[in-house]
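Student: I'm new to this one, so could you walk me through it slowly?
Tutor: Gladly; have a look at it, and then ask whatever comes to mind.

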Amino acid sequence: MGMFKEFKDFAMKGNLVDIAVGFVMGAAFNKVVASFTGGIVSPLIGLIFNADFKDLKYVLKEGVADASGKVSGEVAVLYGEFITNVIDFIIVAFVMFMIVKGVNSMKKKEEEAPAEPAGPTQEELLSEIRDLLKK
């Protein structure tokens, strides 16, 4: 029973739950970025190359097309898909950087806000004690 309680305490710590929520949100955000890149960025960049951006490739060995038009045996470097994934990564990394920067600036403001009221200094307290002892 002690091991179960210890695991429950570990799993319910705030940091672990925060990480889990962040992971799930990051996965969902990655899908949004992928659709943004695939649906908006890639077509715009594809206009430059007059082709679908994800379909850009350098064919090393031609394949054989069957009756349905599907090519098999082709060896190609899929650089368009790689560039799309790099763009996805850059967008996600930039957004995560901005989120962390915003959270850090909010933490700094929270730390600066609670200023303790100024009380008597140590010297003032000692002089008060001295004066009370003189009486």
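**The pocket and the helices around it**

Tutor: Before your questions, note that this is a predicted model; a good place to begin is the lining of the largest pocket, whose residues divide into eight nonpolar, three polar and one charged.

Student: Which residues line the largest pocket?
Tutor: The lining is made up of D18, I19, V21, G22, M25, G26, F29, M96, I99, V100, V103 and N104.

Student: And what volume does the largest pocket have?
Tutor: Its volume comes to about 330 Å³.

Student: Which helix gives the most to that lining?
Tutor: That is α2, which contributes seven residues to the lining of the largest pocket. Both α2, covering 14-49, and α3, covering 79-112, supply at least two residues each.

Student: Okay, stepping back, how many helices and strands does the chain have?
Tutor: There are four helices and four strands in the chain, and if you read along the sequence they follow the pattern α-α-β-β-β-β-α-α.

Student: How much of the chain is buried?
Tutor: Of the 135 residues in the chain, buried ones make up 8%. The chain exposes about 11,600 Å², and carbon and sulfur atoms supply 67% of that area.

Student: What about contacts between distant parts of the sequence, what share do they have?
Tutor: If you take the contacts in the chain with a separation of 6 or more, residues 24 or more positions apart account for 40% of them.

Student: Let's zoom in on T84, where is it found?
Tutor: T84 is found in helix α3, and its relative accessibility is 1%.

Student: Why does T84 count as buried?
Tutor: Buried means under 20% relative accessible area, and T84 counts as buried because its relative accessibility is 1%.

Student: What does the side chain of T84 reach, and what else is T84 in contact with?
Tutor: The T84 side chain reaches the backbone oxygen of G80 at 2.9 Å. Leaving aside neighbours within four places in sequence, T84 is in contact with T37, S42, F53 and K54.

Student: T37 makes me curious, so which residue has a side chain in polar contact with the side chain of T37?
Tutor: One such residue is D88, whose side chain makes a polar contact with the T37 side chain at 2.4 Å. D88 is found in helix α3, and, not counting residues up to four places away in sequence, D88 touches V33, A34 and T37.

Student: Is D88 buried or exposed?
Tutor: D88 is buried, since its relative accessible area is 10%.

Student: Last one, what about V95, where is its place?
Tutor: V95 also has its place in helix α3, but V95 is partly exposed, with a relative accessible area of 25%.

Student: And how far is V95 from F29?
Tutor: Although V95 and F29 are 66 residues apart along the chain, their C-alpha atoms are separated by 9.8 Å.

How values were computed
Residues are numbered from 1 along each chain as its sequence is written. This is a predicted model: local features need pLDDT of at least 70, side-chain atom pairs count only at pLDDT 80 or more; totals for chains, interfaces and linings use all residues. Side-chain values use heavy atoms; hydrogens and water are left out. On a 1 Å grid over the protein atoms alone, a cavity is a set of points where a 1.4 Å probe fits but cannot get out, and a pocket is an open set with protein on both sides within 12 Å along at least five of seven lines; lining residues have an atom within 4 Å of a point. Grid points are joined across faces, edges and corners, and a volume is the space filled by probe spheres set on the points. Ala, Val, Leu, Ile, Met, Phe, Trp, Tyr, Cys and Pro count as nonpolar, Asp, Glu, Lys and Arg as charged, and the others, Gly among them, as polar. Buried means under 20% relative accessible area, exposed over 50%, partly exposed in between (1.4 Å probe, protein chains only). A polar contact is a pair of N or O atoms within 3.5 Å; within protein, one must be able to donate a hydrogen and the other to accept it, and residues adjacent in sequence count only if both atoms are side-chain atoms. Contact means heavy atoms within 4.5 Å. Accessible areas come from the Shrake-Rupley method with a 1.4 Å probe; for residues, only the protein chains shown count as cover.
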